[in-house]
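This note sets out comments for a colleague who has the sequence and the coordinates to hand. Please read it alongside the structure shown here.

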Amino acid sequence: MAMERTIIILKPDAVTRQVCGEIIARFEKRGLKIAGLKMLKLTDETLNIHYAHHVTKPFFPRLSKFMKSAPVIAVVLEGNDSVNQVRKMCGATYPLEAAVGTIRGDYGMSMNNLIHASDSTEAAEAEIKRFFKPEELFNYTAANYEWVYAEEERKA
Ligand code: CMP
């Protein structure tokens, strides 16, 4: 399983409800490593690119207004199969349908669904570049690395 990076965006509802620390802690506890982190206010320019596949949908104006309503926190997470594992930890898009135990299933009650996560390795690569400059991403070894991964699962 490849070591890879993915990005999550903690949305305005997560920031204003002050649950970002709890949510980030879930990923850290799982063994995912923070490779980059920043708080920012999203703009129309970024949102029109980030949600290009939703721009023509009827809910887009509401989504765009919501995403600009407070700052967001973007986090790059690194780990084996991270794109897939982080998506599973977020749960179904609509929190009322998300399994209990997932982030949206535990924290969400509406389409304001707390967190965005890249849905493929290609999307992760593009989204990381959208939000982070190369020098804002960091390589280091987590102290628990050899305990999180079995020997054969560690990168060469
Ligand atoms: P996200 O995973 O960030 O991707 C697109 C977002 O659009 C999604 O989470 C929801 O927040 C939002 N969204 C998707 N479908 C709807 C909908 N039918 N009505 C309102 N918002 C939606």
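The numbered points below take up helices, loops, a pocket and ring contacts in turn.

1. The model under review is a predicted one. The points that follow should be read with that origin in mind.

2. Helix α2 spans residues 20-30, and its buried members are C20, I23, I24 and F27. Viewed along the axis of α2, these buried residues fall within an arc of 95 degrees, so they line one face of the helix. G21 and K29 are exposed on the other side of α2. The general background is that an α-helix has 3.6 residues a turn, so residues three or four places apart point the same way.

3. Within helix α2, I23 merits a separate remark. Its relative accessible area is 0%, and I23 is therefore buried under a cut-off of 20%. Leaving aside residues up to four places away in sequence, I23 touches L10, A14, I103, Y107, L114 and I115. One of these partners, I103, is 80 residues from I23 in sequence, yet the two C-alpha atoms are 7.2 Å apart in space.

4. Two backbone features flank helix α2. Just after α2, G31 adopts a positive phi of about 115 degrees. Q18 lies in the loop between α1 and α2, and its phi is near 60 degrees, a positive value in a residue other than glycine. With a relative accessibility of 70%, Q18 counts as exposed. For context, most residues other than glycine have a negative phi.

5. How are the residues of helix α4 divided between buried and exposed? In α4, which covers residues 60-67, F60, L63, S64, F66 and M67 are buried. They cover an arc of only 165 degrees around the axis, which puts them on the same side of α4. On the other side of α4, P61 and K65 are exposed. The buried residues of α4 pack against α1 (12-16), α3 (44-50) and β3 (72-80).

6. P61, a residue of helix α4, has a relative accessibility of 55% and so counts as exposed, the cut-off being over 50%. L47 is 14 residues from P61 along the chain, and their C-alpha atoms are separated by 11 Å.

7. The end of strand β3 and the loop after it should be inspected together. N80 is found in strand β3 and is buried, with a relative accessible area of 14%. Not counting residues up to four places away in sequence, N80 touches M1, A2, M3, Q85, Y149 and E153. D81 is found in the loop between β3 and α5. Phi of D81 is near 60 degrees, a positive value in a residue other than glycine. At 15% relative accessibility, D81 counts as buried, whereas Q18, whose phi is also near 60 degrees, counts as exposed.

8. Helix α5 (82-90) follows that loop. Its buried residues are S82, V83, Q85, V86, M89 and C90. They pack against β1 (3-10), α2, β3, α6 (103-107), β4 and α7. Q85 also appears among the contacts of N80. After α5 comes G91, whose phi is positive and near 90 degrees.

9. Which elements supply at least two residues each to the lining of the largest pocket? They are α3, α4, β4 (115-117) and α7 (121-131). Of these, α7 gives the most, with four residues. The largest pocket has a volume of about 490 Å³ and is lined by 22 residues. Those that lie nearest its centre are Y51, H53, H54, T93 and H116. Helix α4 thus recurs in this note, both in its packing and in the pocket lining.

10. Aromatic rings also deserve a check. The structure holds one aromatic pair. Two lysines are placed over rings: K33 lies over the face of Y140, at 4.7 Å from the ring centre, and the charged end of K38 sits over the ring of F132, 4.9 Å from its centre.

Technical notes
Residues numbered from 1 in each chain as written. Predicted model: local features only at pLDDT ≥ 70, side-chain atom pairs only at ≥ 80, totals over all residues. Heavy atoms only, no water. Phe/Tyr/Trp six-rings, centres within 6.5 Å; stacked < 30°, edge-to-face > 60°. Lys NZ or Arg CZ within 6 Å of the ring centre and 35° of its normal. Buried < 20%, exposed > 50% of the residue type's maximum accessible area, 1.4 Å probe, protein only. Arc of directions from axis to C-beta. Contact = heavy atoms within 4.5 Å. 1 Å grid on protein atoms, 1.4 Å probe; cavity = no way out; pocket = protein on both sides within 12 Å on 5 of 7 lines; lining within 4 Å. Points joined across faces, edges and corners; volume = space filled by probe spheres on them.
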